[in-house]
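Good morning, colleagues. Please have the sequence and the model open as I speak; I shall take a few regions in turn.

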Amino acid sequence: MSKKKILITGGAGFLGSHLCDRFIKEGYHVVAMDNLLTGDIANIEHLMGHKDFEFQHHDVSNYVHVSGDLEYVLHFASPASPIDYLKMPIQTMKVGSLGTLNCLGLAKVKGARMLIASTSEVYGDPLVHPQTEEYWGNVNPVGPRGVYDEAKRFQEALTMAYHTFHGLETRIVRIFNTFGPRMRLDDGRVLPAFISQALRGENLTAFGDGSQTRSFTYVDDLVEGIYRLLKSDYAQPVNIGNPEEITINEFGEEIIRLTGSKSKIVYKDLPKDDPKQRKPDISLAKSILDWKPQFTRSQGLTPTLEYFQKKVLG
């Protein structure tokens, strides 16, 4: 095969499917691997039959095999929303540990470069704001969110061990809240929840008093940052996110205005260990990758809302 081959685990997920699109566009042969636990085959349906795309329905926590040469491994397989990882805590920890180990082993055998999808959740409920890559985090390892937070922290440590001990080419991206088409309606995260509630004319459910903050990155910006990091020579973790911070209350009002809904914001108890603030320091990404977000939140919300309108309203 003349084209370079890339494995994307979690390839039928929200982020994984967008990465499949990007790497096919860049001229790669893409192998998407997903057990469809939280992924959706509909996300990659448009790629089925493409000569440079293949799909493997498989759980990377068991083993990983790809025949032939392999240029890159992108490990994006994992439940990623609180609803999912609270419902599937063991699978979440297995894909972050055993799944990562299997992918690293494959990359080592093939001489491939590996990039792992870490998360801003490694910072926990941060005591430093905004969060820089040097911050070690404030995570409760035995709290309900610990299964995801610690799986990702272990994933980073294991990846760095392979880099330092085996000399494996590795990259670590710490992803902040990302949105765009192909998000699940029942994702449980604030953006799909607010948009789907507003479109249905339901009240928007905020947790706590709504004063906690989030920073939302449009998916195209994230994919560009991941692509640049993969191609770079930098092995330490890099934040990729949009530093434009907004409170949950402000975001709810924005969604109500955007959808023309008569919904109100109602409040429920804040889940245990839910982060009060989330904002990336992207100085490193700017200097090393020459990357910064190109899409404002409102620019990204337009195609996202169109996608959700088709899903909710038909």
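Let me begin with a question: which residues does Gly96 touch, not counting residues up to four places away in sequence? Before the answer, a word on provenance: this is a predicted model. The residues that Gly96 touches are Ala151, Phe154 and Gln155. Gly96 itself belongs to helix H3, which covers residues 89-110, while helix H4 spans residues 146-166. With a relative accessible area of 5%, Gly96 is buried. As for its distance to another part of the chain, the C-alpha atom of Gly96 is separated by 30 Å from that of Arg297, 201 residues apart along the chain.

Arg297 brings me to the nonpolar interior, since it is also in contact with Phe251. Leaving aside neighbours within four places in sequence, Phe251 is in contact with Val190, Leu191, Phe194, Phe216, Ile246 and Leu301 as well. Phe251 is one of the residues with the most contacts inside the largest nonpolar core, together with Phe23, Leu74, Phe76 and Ile226. That core has 59 residues. Which helix gives the most to this core? The answer is helix H6, residues 219-231, with seven residues. There is also a second, separate core of 22 residues, and among its members are Met33, Leu70, Leu106 and Ile116.

I turn now to the cysteines. How many disulfides does the count give? The count comes to zero. Cys20 is in no disulfide, and the nearest cysteine sulfur, that of Cys103, is 14 Å away. The cut-off for a disulfide is a pair of cysteine sulfur atoms within 2.5 Å, so a pair at a greater distance is not counted. Cys103 is likewise in no disulfide, its nearest cysteine sulfur being that of Cys20. Cys20 counts as buried, at 0% relative accessibility, and Cys103 is buried too, with a relative accessible area of 0%.

Next, the second largest pocket. About 200 Å³ of space lies in it. Its lining includes Val122 and Tyr123, the run Glu133, Glu134, Tyr135, Trp136 and Gly137, and further along the chain Arg153, Glu156, Ala157 and Arg174. By character, this lining divides into five nonpolar residues, one polar and five charged. Helix H4 gives the most to the lining, with three residues.

Finally, some points of backbone geometry. As background, most residues other than glycine have a negative phi, and most peptide bonds are trans. Where does this model contain a cis peptide bond? The bond from His129 to Pro130 is cis, with omega near -10°. Pro130 is in the loop between strand S5, residues 113-119, and H4.

Two residues other than glycine have a positive phi to report here. For Leu36 phi is near 60°, and for Arg182 it is about 85°. Leu36 is found in the loop between strand S2, residues 29-34, and strand S3, residues 53-57. Arg182 lies in the loop between strand S7, residues 178-179, and helix H5, residues 190-199. Are these two residues buried or exposed, or in between? Leu36 is partly exposed, with a relative accessible area of 28%, whereas Arg182 counts as buried at 16% relative accessibility. The boundary is 20%, and buried means under that value.

That concludes my presentation; thank you for your attention.

Technical notes. Residues numbered from 1 in each chain as written. Predicted model: local features only at pLDDT ≥ 70, side-chain atom pairs only at ≥ 80, totals over all residues. Heavy atoms only, no water. 1 Å grid on protein atoms, 1.4 Å probe; cavity = no way out; pocket = protein on both sides within 12 Å on 5 of 7 lines; lining within 4 Å. Points joined across faces, edges and corners; volume = space filled by probe spheres on them. Helix = DSSP H or I, 4+ residues; strand = E, 2+ residues; numbered from the N terminus. Nonpolar A, V, L, I, M, F, W, Y, C, P; charged D, E, K, R; others polar. Buried < 20%, exposed > 50% of the residue type's maximum accessible area, 1.4 Å probe, protein only. Contact = heavy atoms within 4.5 Å. Core = buried A, V, L, I, M, F, W, Y, C linked by side-chain atoms within 4.5 Å.
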